Amino acid sequence: MRQGRISNAQRRAHVELLSVYGVPFSPAPLDLDRLFGRSAPTILEIGFGMGETTAAIAQQHPENDYLGVEVHTPGVGSLLARIAELRLGNVRVIQHDAVEVLQTMIAPAAFDGVHLFFPDPWPKKRHHKRRLIQAPFAALLASKMKAGALLHACTDWEDYARQMLEVFSAETALRNSASGYADRPATRPQTKFERRGLGLGHRVWDLVFRKA
Ligand SMILES: C[S@@+](CC[C@H](N)C(=O)[O-])C[C@H]1O[C@@H](n2cnc3c(N)ncnc32)[C@H](O)[C@@H]1O
């Protein structure tokens with residue numbers, strides 16, 4: 001995995017704060033109430049990138065808890081720094097592959113919501129098999145959502161949007177909240193990746209599905 005450049009501030013935050021707000025990967029189910037020290041609606045965010053959106057949403061919704069999963073060290077450092085700066089008590093971070101985390105650390109029906117903003121698009125056809133959103137992943141994700149929980153995904157790649165729509169629509173445990181693509185929910189702040197895409201002239205497609 002290429003980790004890219006890491007700034008001194010991100011490295012410092014990663015070293016100093018991962019033990020405070022991070023959760024080590026462990027193949028044992030996580031007790032979310034114990035982790036956050038309370039029982040509150042918990043939202044999973046997969047691939048939070050630099051985490052500005054995560055921090056902004058968590059700050060706007062102190063009533064919810066947010067579990068962010070990301071593999072990229074500079075991004076993890078960046079979110080950890082932001083959590084400390086904003087003194088957010090409702091965000092925890094796991095630096096690990098989200099599929100393995102879901103498979104081994106998360107109990108069934110654990111989450112009240114899932115955020116999946118701009119997953120890596122893998123635009124080349126021969127790389128499409130690397131895309132996260134495929135049928136087995138949708139089933140795994142749905143199994144970790146409570147009845148009524150919302151799954152919010154978005155992308156700026158039209159054919160990945162179409163793939164997401166097909167895959168989530170085919171998952172029997174999920175119901176589309178819109179007919180086709182959803183309007184951009186007001187709750188989703190613009191992400192860094194999104195600004196880049198919009199700058200390149202891309203459109204954005206949002207999808208909001210509810211666990212049956
Ligand atoms: C295109 S970026 C989008 C980041 C952010 N959501 C945004 O909108 O700015 C996708 C992110 O997903 C992360 N990612 C990809 N596969 C992952 C996996 N299996 N588990 C956790 N994170 C993953 C990447 O490291 C990357 O930061």
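This section describes the ligand site of a predicted model, followed by several individual residues outside the account of that site.

In the predicted model, the ligand occupies the largest pocket. Its surroundings comprise 15 residues, of which Gly47, Glu70, Asp97, Phe117 and Thr191 are the closest. By residue class, this shell consists of 7 nonpolar, 5 polar and 3 charged residues. Both side-chain and backbone atoms of the protein are found at short listed distances from polar atoms of the ligand. An oxygen atom of the ligand lies 2.5 Å from a polar side-chain atom of Glu70. On the side of the ligand nitrogen atoms, an N or O atom in the side chain of Asp97 is placed 2.6 Å from one such atom, and a backbone N or O atom of Ala98 is located 2.9 Å from a nitrogen atom of the ligand. Of the 600 Å² of accessible area that the ligand has on its own, 85% is covered by the protein.

Asp206 belongs to strand E7, which spans residues 205-211. The relative accessibility of Asp206 is 3%, and the residue is therefore classed as buried, the limit being under 20%. The side chain of Asp206 is engaged in a polar contact with the side chain of His152, at a distance of 2.8 Å.

Ser177 is situated in the loop that links strand E6 (174-176) to helix H8 (192-199). With a relative accessibility of 45%, Ser177 counts as partly exposed, because this value falls between the 20% and 50% limits. Between Ser177 and Arg82, the separation is 95 residues in sequence and 32 Å in space, taken from C-alpha to C-alpha.

Two residues with positive phi values were also examined. Arg87, a residue other than glycine, has a positive phi near 50 degrees. Arg87 is part of the loop between helix H4 (73-86) and strand E3 (91-94). Its relative accessible area is 74%, so Arg87 is classed as exposed, for which the threshold is over 50%. For Ala109, likewise not a glycine, phi is positive and near 50 degrees. Ala109 is found in the loop running between helix H5 (98-105) and strand E4 (111-117). At 37% relative accessibility, Ala109 is assigned to the partly exposed class. Thus, Arg87 and Ala109 each combine a loop position with a positive phi, Arg87 being exposed and Ala109 partly exposed.

Definitions and conventions. Residues numbered from 1 in each chain as written. Predicted model: local features only at pLDDT ≥ 70, side-chain atom pairs only at ≥ 80, totals over all residues. Heavy atoms only, no water. Near = heavy atom within 4 Å. Polar contact = N/O pair within 3.5 Å; in protein donor to acceptor, adjacent residues only side chain to side chain. Areas by Shrake-Rupley, 256 points an atom, 1.4 Å probe, with all protein chains shown as cover. 1 Å grid on protein atoms, 1.4 Å probe; cavity = no way out; pocket = protein on both sides within 12 Å on 5 of 7 lines; lining within 4 Å. Sits in = over half its atoms within 2 Å of the grid points. Nonpolar A, V, L, I, M, F, W, Y, C, P; charged D, E, K, R; others polar. Helix = DSSP H or I, 4+ residues; strand = E, 2+ residues; numbered from the N terminus. Buried < 20%, exposed > 50% of the residue type's maximum accessible area, 1.4 Å probe, protein only.
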